[in-house]
Amino acid sequence: MENEQTNIIATRKDLQLPRRLFHMGSGVTVAFIYNFLLTHQQAVSILGTITCVLYILEQVRINYPEFAGNFEQYSKYLLRAEEQLKESAGIPFVMGLLLTILSFPKPIAVVAILTLAIADPLSALIGIRFGRLRVVAHKSIEGSLAFFVGCFLSTAAVFLGYAPTTGTAFGLAFFVAFTVGVFEMVPIRLDDNLTIPLFTAAVTWLFCAVLEIPVY
């Protein structure tokens, strides 16, 4: 008898902790390996291959549910209800990482990846669990503050090794975290796995130019 696909009922309003932790762990791992172990070309080649493989697996999952049933015990923790019949957020996630690495210098790309890996899920967890004050629909002040903290710490941790002074590094971290935090609250329809790392990288590059922080 053919396997019937388990109904996945998790939505964006659910904590779905395994998904958030997987998101965080994957992003931090990519940032760490890229920053300390790989050249730009090596990172592009490896991540490009992973992106292609993941895309093919997603097409198999969507178009051949009889095979996807074999992975239900794992996918139910990582997928949302709306992702059962379409591509999951994993595709824009790896594409966001790849495009960021392709387009920006290493320290800027690492900041953007860490922001996506840490600030984004932290914002969701705090917003869902403790969010009470809202400025826009589906976004809470508490979640946005958590995003600010995650982005600030990510930027400061990387640029303490590049900025001429500690004050400059913290100043950069504040301006980047504030700007990206405001952007994250804007209710646009594009997937934030794409928009957050690319916007973070662009903003970081701009402020590095203004503050004369070398990134090459």
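1. Let's start at Thr100, in this predicted model. Setting aside neighbours within four places in sequence, Thr100 is in contact with Ala109, Ala112, Pro197, Leu198 and Ala201. Thr100 sits in helix H5, which spans residues 90-103. Is Thr100 buried or exposed? With a relative accessible area of 0%, Thr100 is buried, because the cut-off for that label is under 20%.

2. Thr100 also has a polar partner in the chain. A polar atom of the Thr100 side chain lies 2.6 Å from the backbone oxygen of Gly96. That is worth a look when you have the helix on screen, since the side chain of Thr100 and the backbone of Gly96 are the two ends of this pair.

3. Next along is Ile101, which is among the residues with the most contacts inside the largest nonpolar core. Leaving aside neighbours within four places in sequence, Ile101 is in contact with Tyr34, His40, Ala43, Val44, Leu47, Ala109 and Ile113. Ala109 thus turns up on both lists, as a contact of Thr100 and as a contact of Ile101.

4. Now for the core itself. The largest nonpolar core has 38 residues, and besides Ile101 those with the most contacts inside it are Tyr34, Cys151, Phe159, Leu172 and Val176. At least two residues each come from helix H1 (17-36), H2, H5, helix H6 (106-130), helix H7 (141-159), H8 and H9. Which helix gives the largest share of this core? H6 does, with nine residues. As background, nonpolar side chains tend to be buried together in soluble globular proteins.

5. On the surface, there is a nonpolar patch to point out. Phe174, Phe175, Phe178, Val182, Leu206, Val210 and Leu211 make a patch of about 660 Å². Helix H8 (166-185) and helix H9 (192-210) are the elements that give two or more residues to the patch. H8 brings the largest share, four residues. One of the patch residues, Phe175, lies in helix H8 and counts as partly exposed, at 40% relative accessibility.

6. How many salt bridges does the structure hold? There are two. In one, the side chains of Arg61 and Glu58 meet at 2.8 Å, N to O. Both residues lie in helix H2 (residues 40-63), three residues apart, or about one turn of the helix. Arg61 and Glu58 are both buried. In general, side chains of opposite charge can pair when their charged atoms come close.

7. The other salt bridge joins the side chains of Lys139 and Glu184, at 2.9 Å, N to O. Lys139 lies in strand E2 (residues 139-140) and Glu184 in helix H8, so this pair ties together parts that are 45 residues apart in sequence. Glu184 is buried, with a relative accessible area of 8%.

8. Finally, the chain as a whole. The chain has nine helices and two strands, and from the N terminus on its elements run α-α-α-α-α-α-β-β-α-α-α. Of its 216 residues, 43% count as buried. Among contacts between residues at least 6 apart in sequence, 77% join residues at least 24 apart. The chain exposes about 11900 Å², and carbon and sulfur atoms supply 69% of that area.

Note on methods
Residues are numbered from 1 along each chain as its sequence is written. This is a predicted model: local features need pLDDT of at least 70, side-chain atom pairs count only at pLDDT 80 or more; totals for chains, interfaces and linings use all residues. Side-chain values use heavy atoms; hydrogens and water are left out. Buried means under 20% relative accessible area, exposed over 50%, partly exposed in between (1.4 Å probe, protein chains only). A polar contact is a pair of N or O atoms within 3.5 Å; within protein, one must be able to donate a hydrogen and the other to accept it, and residues adjacent in sequence count only if both atoms are side-chain atoms. Contact means heavy atoms within 4.5 Å. Patches are made of residues with over 30% relative accessible area and no salt bridge: like charges are joined within 9 Å, nonpolar side chains (Val, Leu, Ile, Met, Phe, Trp, Tyr) within 5 Å. Accessible areas come from the Shrake-Rupley method with a 1.4 Å probe; for residues, only the protein chains shown count as cover. A salt bridge is a side-chain nitrogen of Lys or Arg within 4 Å of a carboxyl oxygen of Asp or Glu. A nonpolar core is a set of buried Ala, Val, Leu, Ile, Met, Phe, Trp, Tyr and Cys residues joined through side-chain atoms within 4.5 Å.
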